[in-house]
Protein chains: 2
Amino acid sequence: MEDSYKLKKVISIGTVSEITGLSVRQIRYYEERNLVEPDRTSKGTRKYSFSDIEQLMIIANQREEGVQTTEILRELRKQGSNQSVRNNMIRGQINAQFNKKN
Amino acid sequence: MEDSYKLKKVISIGTVSEITGLSVRQIRYYEERNLVEPDRTSKGTRKYSFSDIEQLMIIANQREEGVQTTEILRELRKQGSNQSVRNNMIRGQINAQFNKKN
DNA sequence: CGTGTAAGGAATTCTGACACG
DNA sequence: CGTGTAAGGAATTCTGACACG
């Protein structure tokens, strides 16, 4: 009836912190490094989707292995691990990019 | 990997209010009338699932038609419109109840 | 580079209650 | 019965910055 539950950005940062085990500081920092892109409410509070949370858990694992954020960013883009985006929208555009760049 | 996105209670009341168009007061009142049952964080703030939101939209429609909360409660229980619960857990128990009471 | 923390302010949420009806 | 609102307090979130490394 609505959108995909997985993609809807409705979860605030404190809850994301609890679920992922990351500190609020870390989550904000990963945004600064363009590893996640929450929505903002009219008053500026961040809202995340379940998909974002999964992305953050991938990031957390990479960080544990000592991978730097810049490296993680590359990998995320290369592998297209953000499957939700690929599955749900602009699939054509992304495919086009794949055909071009790879 | 995790649970069903639809059932996980992670959305705070302000966001639920925006999505459903109901006032925060109304949402709390429907809880008081046992029409929804959010989780509570350790510090007492309510957390709702997408399923709860759908439930609330059903309630909103009923209320617009002038149906009283007590009546809505009966209908919800009778029709088992909370499909997510039925689909995802204690299906056996609920079936048992159906066989008993109907 | 990645993350902690104290700082000050703004916005959220909570409960119990009074109001109207 | 269902919902608005003012009240006071507690907890959340935000940003920019300093710290360590």
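These exercises work through the protein–protein and protein–DNA contacts of a predicted model.

Conventions come before the tasks. Residues are numbered from 1 along each chain as its sequence is written, and chains are lettered from A and ligands numbered from 1 in the order in which they are written. In this predicted model, local features need pLDDT of at least 70, side-chain atom pairs count only at pLDDT 80 or more, and totals for chains, interfaces and linings use all residues, while side-chain values use heavy atoms, with hydrogens and water left out.

**Exercise 1. Find the operation that superposes chain A on chain B.**

Step 1. Two copies of a chain are related by a rotation about an axis and a shift along it.

Step 2. Fit the copies by least squares on the C-alpha atoms of residues with pLDDT of at least 70 in both. The rotation is 180°, the shift along the axis is 0.0 Å, and the RMSD is 0.0 Å.

Step 3. This is the relation of a two-fold axis.

**Exercise 2. Describe the interface between chain A and chain B.**

Step 1. Count contacts (heavy atoms within 4.5 Å). On chain A, 11 residues are in contact with 11 residues of chain B.

Step 2. Compare the two sides. Of the interface residues of chain A, 100% are also interface residues in chain B, so the copies meet through the same surface.

Step 3. Take the buried area (accessible area, 1.4 Å probe, that two parts lose on being put together, summed over both). Chain A and chain B bury about 1300 Å² between them, with 68% of it on carbon and sulfur atoms. In chain A, the residues that lose the most area to chain B are Tyr5(A), Val10(A) and Phe50(A), together 49% of what that side buries.

Step 4. Look for pairs. Polar contacts are N or O atoms within 3.5 Å; within protein, one must be able to donate a hydrogen and the other to accept it, and residues adjacent in sequence count only if both atoms are side-chain atoms. Between chain A and chain B, 4 residue pairs are in polar contact, both residues at pLDDT 80 or more. The salt-bridge count between these chains is 0.

Step 5. Assign elements (DSSP runs numbered from the N terminus: helices are H or I, at least four residues; strands are E, at least two). Strand S1 (11-12), H1 and helix H3 (50-64) of chain A each supply at least two residues of the side that touches chain B.

Step 6. Sort that side by class: Ala, Val, Leu, Ile, Met, Phe, Trp, Tyr, Cys and Pro are nonpolar, Asp, Glu, Lys and Arg are charged, and the others, Gly among them, are polar. The side of chain A holds 5 nonpolar, 2 polar and 4 charged residues.

**Exercise 3. Map the surface near DNA strand C.**

Step 1. Collect the residues with a heavy atom within 4 Å of the strand. There are 19, and Ser23(A), Tyr29(A), Tyr30(A), Thr69(A) and Arg46(B) come nearest.

Step 2. Split the strand atoms within 4 Å of the protein: 75% belong to sugar or phosphate and the rest to bases.

Step 3. List side-chain polar pairs. Ser23(A) has an N or O atom 2.7 Å from a phosphate oxygen. For Arg46(B), the distance to a phosphate oxygen is 2.4 Å. H2(A) gives the most to this surface, 4 residues.

**Exercise 4. Repeat the analysis for DNA strand D.**

Step 1. This strand is surrounded by 19 residues, including Arg40(A) and Ser23(B) among the closest.

Step 2. Check what the side chains reach. Arg40(A) places a polar atom 2.9 Å from a phosphate oxygen. Arg25(B) has an N or O atom 3.0 Å from a base oxygen.

Step 3. The largest share of the surface, 4 residues, comes from H2(B). By class, the surface divides into 3 nonpolar, 8 polar and 8 charged residues.

**Exercise 5. Which parts of chain A does the pair Lys6(A) and Glu54(A) tie together?**

Step 1. Apply the salt-bridge rule (side-chain nitrogen of Lys or Arg within 4 Å of a carboxyl oxygen of Asp or Glu). The count over all chains is 10.

Step 2. Lys6(A) and Glu54(A) form a salt bridge, with the closest N and O atoms 3.4 Å apart.

Step 3. Lys6(A) lies in the segment before S1 and Glu54(A) in helix H3, so the pair ties together parts that are 48 residues apart in sequence.
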